[in-house]
Amino acid sequence: MSRTLIVEADGGSRGNPGPAGYGAVVLDPETGEALAEAAEFIGTATNNVAEYKGLVAGLRAAHALDPQARIRVRMDSKLVVEQMSGRWKIKHPDMKPLAAEAQSVFPPGQVTYEWIPRAQNKHADRLANEAMDAGKIGRQWEPRDSRAALATAAAPARSAAAQAADEAADTAEEAVSASAPSVGWGPDVGPPSTFVLLRHGETPLTPEKRFSGSGGTDPALSAAGRRQAEATAAGLAARGTIQAIVSSPLRRCQETAGAVAERLGLEVRIEEGLRETDFGAWEGLTFAEVQERYPDDLDAWLGSAKVAPTGGGESFATVSRRVAVARDKLLARYAGRTVLLVTHVTPVKTLVRLALGAPPESLFRMELSAASLSVVAYYSDGNASLRLLNDTSHLR
């Protein structure tokens with residue numbers, strides 16, 4: 001008989017939306033021992049988004065311990081419990097991909113959900129607050145920082161009125177956030193975090209317009225691509241605004257980022273979430289070749305962001321979730337700073353699409369040249385502003 005594990009998860013936002021974090025703990029149901037903990041500051045988000053991210057983290061921690069275990073999830077969010085149990089519909093677009101991600105960790109039927117009062121979810125709540133405290137000083141939570149077990153044993157119970165208020169806020173948030181207008185002209189919320197998005201320079205596959213993602217040969221820059229990288233480095237040095245550099249792990253991006261880093265005297269941090277889409281069996285082929293060999297698959301892919309390329313590649317929906325997670329991590333790490341992200345066509349378009357709140361089909365309606373620059377600014381109130389798209393003036 002498979003073992004049972006308990007997952008308790010929580011999330012919070014100081015502002016709703018505001019600086020947010022989640023916490024999750026995996027417990028032995030017999031002894032109550034904490035087998036694993038997870039917590040993270042996720043930047044600006046709502047309570048419900050943070051709660052869902054905590055759920056995903058808790059399920060993944062349990063899966064790492066025993067993928068065959070039966071999981072009992074206990075949360076004080078009535079909204080998340082009811083939605084994941086299938087009794088309430090998920091209407092908010094920010095929650096749908098997170099719920100889908102949570103459902104994908106274990107097979108259907110292996111996870112059950114139970115609502116518990118907030119007073120019984122102190123461990124996960126404490127972890128979420130530790131994560132938000134770390135984010136406040138520009139750090140990420142580390143396991144060695146955890147004091148949740150000790151604090152849980154010592155913390156006094158909250159009043160029934162406070163618990164009821166929090167629970168009512170949880171269930172009401174989705175309707176409020178769906179109907180609330182986005183802020184246009186408004187009060188000064190301080191300096192934004194600015195992402196300067198640089199598509200890598202040309203590779204031998206670029207002028208031939210071949211699919212070149214993260215599942216292919218990982219080509220290096222061509223001679224033309226190296227010239228583009230040097231010209232970009234010179235242009236960015238002249239502007240003098242870049243404070244940090246983050247790159248996709250793929251070779252063409254690291255080479256482009258390296259040229260800029262050398263000119264600016266900065267180090268390059270690698271972020272896996274910025275890698276290009278895995279195009280499966282289409283890697284290395286032109287659009288015409290894919291159309292000839294896989295016409296039905298190509299039509300389906302063009303018609304839905306949830307369809308993956310032939311042969312086990314990534315759908316744009318999958319890439320969007322990955323890029324959004326990377327974005328939130330980087331916003332937390334570089335709050336209020338200007339950061340160069342050296343990446344690929346799909347991640348750049350995805351960051352632009354998410355900033356604009358545009359539909360998935362907008363990915364096919366943007367042009368991004370090799371070594372082009374785009375800029376998105378992110379504000380502490382949760383709003384984003386597209387400031388530049390596909391600028392190649394530094395190459396001329």
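User: Before the larger features, I should like to begin with one residue. Is Ser212 buried or exposed?

Analyst: Ser212 counts as buried, because its relative accessibility is 17% and the cut-off for buried is under 20%. Please bear in mind that this is a predicted model. Ser212 is found in the loop between S6 and H7. Its C-alpha atom is separated by 5.8 Å from that of Gly284, a residue 72 positions apart from Ser212 along the chain.

User: How should I read a sheet, and what is the strand order in the sheet of five strands?

Analyst: Strands of a sheet pair through backbone hydrogen bonds, either parallel or antiparallel. In this structure, the open sheet of five strands has the order S3-S2-S1-S4-S5, and its pairing is mixed. Strands S3 (34-45) and S5 (111-115) stand at the edges; each has a single partner strand, so one side of each is left without a neighbour in the sheet. On average, neighbouring strands of this sheet are turned by 20° against each other, direction ignored.

User: How many bridges join S2 to S3, and which residue in S3 is the bridge partner of Tyr22?

Analyst: Strand S2 (residues 18-27) and S3 run antiparallel and are joined by 10 bridges. The bridge partner of Tyr22 in S3 is Glu40.

User: What is the order of the sheet of six strands, and which are its edge strands?

Analyst: This open sheet has the order S8-S7-S9-S6-S10-S11, again with mixed pairing. Strand S8 (268-270) and S11 are the edge strands, each pairing on one side only. From one strand to the next, the twist averages 20°.

User: How many residues lie between S10 and S11 in their hairpin?

Analyst: Five residues lie between S10 and S11 in the hairpin, and Gly382 in the turn has a positive phi of about 95°. The two strands, S10 (residues 373-378) and S11 (residues 384-391), run antiparallel and are joined by five bridges. Tyr378 has Ala384 in S11 as its bridge partner, while Val376 stands opposite Leu386 in S11.

User: Turning to helices, which residues of H3 are buried, and where do they fall around the axis?

Analyst: In helix H3 (residues 95-105), the buried residues are Met95, Leu98, Ala99, Glu101, Ala102 and Val105. Seen down the axis of H3, these buried residues fall within an arc of 160°, so they line one face of the helix.

User: How should I approach salt bridges, and how many are counted here?

Analyst: Side chains of opposite charge can pair when their charged atoms come close. The count for this model comes to 17 salt bridges. In one of them, the side chains of Arg87 and Glu82 meet at 2.7 Å, N to O. Arg87 counts as exposed, at 53% relative accessibility, whereas Glu82 is buried, with a relative accessible area of 8%.

User: Which parts of the chain does the salt bridge between Glu289 and Arg210 tie together?

Analyst: The side chains of Glu289 and Arg210 meet in a salt bridge at 3.0 Å, N to O. Glu289 lies in helix H9 (residues 287-293) and Arg210 in the loop between strand S6 (193-199) and helix H7 (223-239), so the pair ties together parts that are 79 residues apart in sequence. Glu289 is partly exposed, at 24% relative accessibility, and Arg210 is partly exposed at 25%.

User: Which residue forms a salt bridge with Asp218, and is that partner buried or exposed?

Analyst: Asp218 forms a salt bridge with Arg252, and the closest N and O atoms are 3.8 Å apart. Asp218 lies in the loop between S6 and H7 and Arg252 in helix H8 (residues 251-264), so this pair ties together parts that are 34 residues apart in sequence. Arg252 counts as buried at 1% relative accessibility, whereas Asp218 is partly exposed, with a relative accessible area of 30%.

User: Which residues are linked in a network of salt bridges?

Analyst: Lys53, Arg327 and Asp328 are linked in such a network.

User: Finally, which residues form the nonpolar patch on the surface?

Analyst: The patch is formed by Phe287, Leu302 and Phe364, which together have about 260 Å² of accessible area. Leu302 is found in helix H10 (residues 295-303) and is partly exposed, with a relative accessible area of 37%. A residue needs over 30% relative accessible area to belong to a patch, and Leu302 has 37%.

How values were computed. Residues are numbered from 1 along each chain as its sequence is written. This is a predicted model: local features need pLDDT of at least 70, side-chain atom pairs count only at pLDDT 80 or more; totals for chains, interfaces and linings use all residues. Side-chain values use heavy atoms; hydrogens and water are left out. Patches are made of residues with over 30% relative accessible area and no salt bridge: like charges are joined within 9 Å, nonpolar side chains (Val, Leu, Ile, Met, Phe, Trp, Tyr) within 5 Å. Accessible areas come from the Shrake-Rupley method with a 1.4 Å probe; for residues, only the protein chains shown count as cover. A salt bridge is a side-chain nitrogen of Lys or Arg within 4 Å of a carboxyl oxygen of Asp or Glu. Helices (H or I, at least four residues) and strands (E, at least two) are DSSP runs, numbered from the N terminus. Buried means under 20% relative accessible area, exposed over 50%, partly exposed in between (1.4 Å probe, protein chains only). Two strands pair if DSSP finds at least two bridges between them. The arc is that of the directions from the helix axis to the C-beta atoms. Axes are lines fitted to C-alpha atoms, for helices over the stretch in contact, and angles run from 0 to 180 degrees between N-to-C directions.
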